[in-house]
Amino acid sequence: MTTTAPVTAGHTNEDEELMLAAVRQLVEEKVAPRAAAIDESGEFPWDVKELFAQNDLLGVPIPAEYGGLGGTFLTYVKVVEEIAKACASSSLIVAVQELGMLPIMIAGSEAQKQRFLPKIASGEHLAAYALTEVSSGSDALGSMKTRAVRDGDRYVLNGSKIWITNGSVADVVCVFAVTDPAAGSRGVSAFVLEKGMPGFSVGKKEKKMGIRGSPTVELTFDGCEVPLENRIGEEGEGFKIAMKVLDKSRPGIAAQALGIAAGALEYATNYAKERVAFGKPIGQHQGVGFMLADMKTEVEAARLLLYEAARKCDAGAPDVTQWAAMAKLKCGDVAMSVTTDAVQVLGGFGYSTEYPVERMMRDAKITQIYEGTQQIQRLVIARTLVGKAKAP
Ligand code: CAA
């Protein structure tokens with residue numbers, strides 16, 4: 001196990017530390033003061049997106065030759081974590097930019113990488129990823145209905161996707177559609193759709209419990225013509241591309257979850273040092289002190305698991321599927337339990353929107369649901385241990 005690997009070729013751990021210190025300062029000065037208002041308004045924070053673009057945070061893991069920072073996944077997850085400590089919605093701008101570009105990064109042609117990645121890295125374009133459908137959430141393959149039919153040098157797409165994070169603000173969306181209904185896992189293909197393509201439109205926006213500054217929408221394809229050069233990989237490779245993307249994006253959501261937990265822990269700890277009851281700070285009462293001790297232990301355990309998963313992404317390790325799922329599972333559950341306890345530590349104040357921990361608790365919940373529910377993570381992990389049951 002490597003714990004002191006350089007950030008990336010030509011970079012050092014010192015470079016990473018400097019970068020994270022700058023991100024911390026940016027978050028403290030510019031993002032944290034916006035977090036409550038972003039949640040309250042439910043609007044996408046374009047100002048925060050611009051801030052991230054100006055500070056090169058939208059292309060951390062994109063190689064320098066395509067306009068990115070050429071950082072490691074480890075650096076990338078640490079950036080997401082830092083932002084999520086203050087604002088989960090803002091951290092999702094960075095995480096979904098990565099999710100949306102990954103199909104191109106993993107399976108795109110050189111021409112597609114040159115065409116799409118520099119604008120994503122600079123923030124000129126926002127990216128999104130569209131896999132989920134009304135009846136195809138956990139069962140992403142078996143229940144997919146969106147069809148793409150080849151017609152000469154183009155495909156015609158019909159169908160819809162739901163729960164598409166940042167779908168209404170994205171300029172490019174990687175969409176997965178069935179090209180051969182009889183071919184099972186080899187019957188799905190991946191496409192890059194561009195804003196403004198005829199027949200490609202944004203539908204209903206969800207009203208959500210948390211991550212309210214991140215628009216979650218339906219996308220519809222009504223005879224949408226997609227040029228052949230926008231297909232990612234070969235026809236029939238789409239499902240594997242989708243799964244390989246999740247192996248690299250689940251650590252990003254785990255980082256978001258970890259950041260939410262760490263932010264809530266810090267707030268609750270400071271509160272417990274100041275709030276006095278029965279003649280002493282409440283943190284000095286064993287009931288609260290032990291809660292904080294457990295929260296801290298869980299956060300640090302989750303962090304170690306996540307960072308190791310990120311190192312495995314960097315190394316292209318063969319067990320990355322398992323580690324990405326374990327990181328997402330652990331960090332999501334820790335986010336939920338730690339934020340719930342943080343609300344408890346603050347008591348009535350924790351339940352008030354005047355304090356940030358109730359927002360953190362609402363934001364935490366989605367990390368147990370999206371990018372594969374916690375039940376799907378367990379299924380993925382179990383299959384890496386004992387295999388998938390054969391059809392009878
Ligand atoms: N890498 C490469 N190939 C993979 C793979 C991986 N990690 N996982 C599966 N595959 C391949 C399999 O080898 C198999 O190939 P063959 O048919 O050639 O053998 C094929 O893909 C099908 O795999 P399975 O047989 O395992 O498929 P399944 O239907 O039994 O189960 C699943 C697949 C793991 C349950 C998958 O459907 C899944 O992960 N579901 C959850 C979907 C999900 O995470 N959605 C999140 C949407 S994105 C989102 O939420 C983002 C956001 O808003 C921020």
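**Close-ups of a domain interface and a ligand site**

**View 1. Where domain 2 meets domain 3.** Put these two domains together and about 1,200 Å² gets buried between them, with carbon and sulfur atoms giving 72% of that area. (Buried area is the accessible area, taken with a 1.4 Å probe, that two parts lose on being put together, summed over both.) On the domain 2 side, Tyr129, Met209 and Ile211 lose the most area to domain 3, together 40% of what that side buries. This is a predicted model, where local features need pLDDT of at least 70 and side-chain atom pairs count only at pLDDT 80 or more, while totals for chains, interfaces and linings use all residues. Residues are numbered from 1 along each chain as its sequence is written, and side-chain values use heavy atoms, with hydrogens and water left out.

**View 2. Who touches whom across the interface.** Here 17 residues of domain 2 are in contact (heavy atoms within 4.5 Å) with 15 residues of domain 3. What kinds of residues make up the domain 2 side that touches domain 3? They split into 10 nonpolar, 5 polar and 2 charged. (Ala, Val, Leu, Ile, Met, Phe, Trp, Tyr, Cys and Pro count as nonpolar, Asp, Glu, Lys and Arg as charged, and the others, Gly among them, as polar.)

**View 3. The ligand and its neighbours.** The ligand is surrounded by 24 residues (each with a heavy atom within 4 Å of it), and the closest are Thr165, Ser185, Arg186, Arg250 and Glu371. An oxygen atom of the ligand sits 2.6 Å from an N or O atom in the Thr165 side chain. At Glu371, a polar backbone atom is 2.8 Å from a ligand oxygen.

How values were computed
A polar contact is a pair of N or O atoms within 3.5 Å; within protein, one must be able to donate a hydrogen and the other to accept it, and residues adjacent in sequence count only if both atoms are side-chain atoms.
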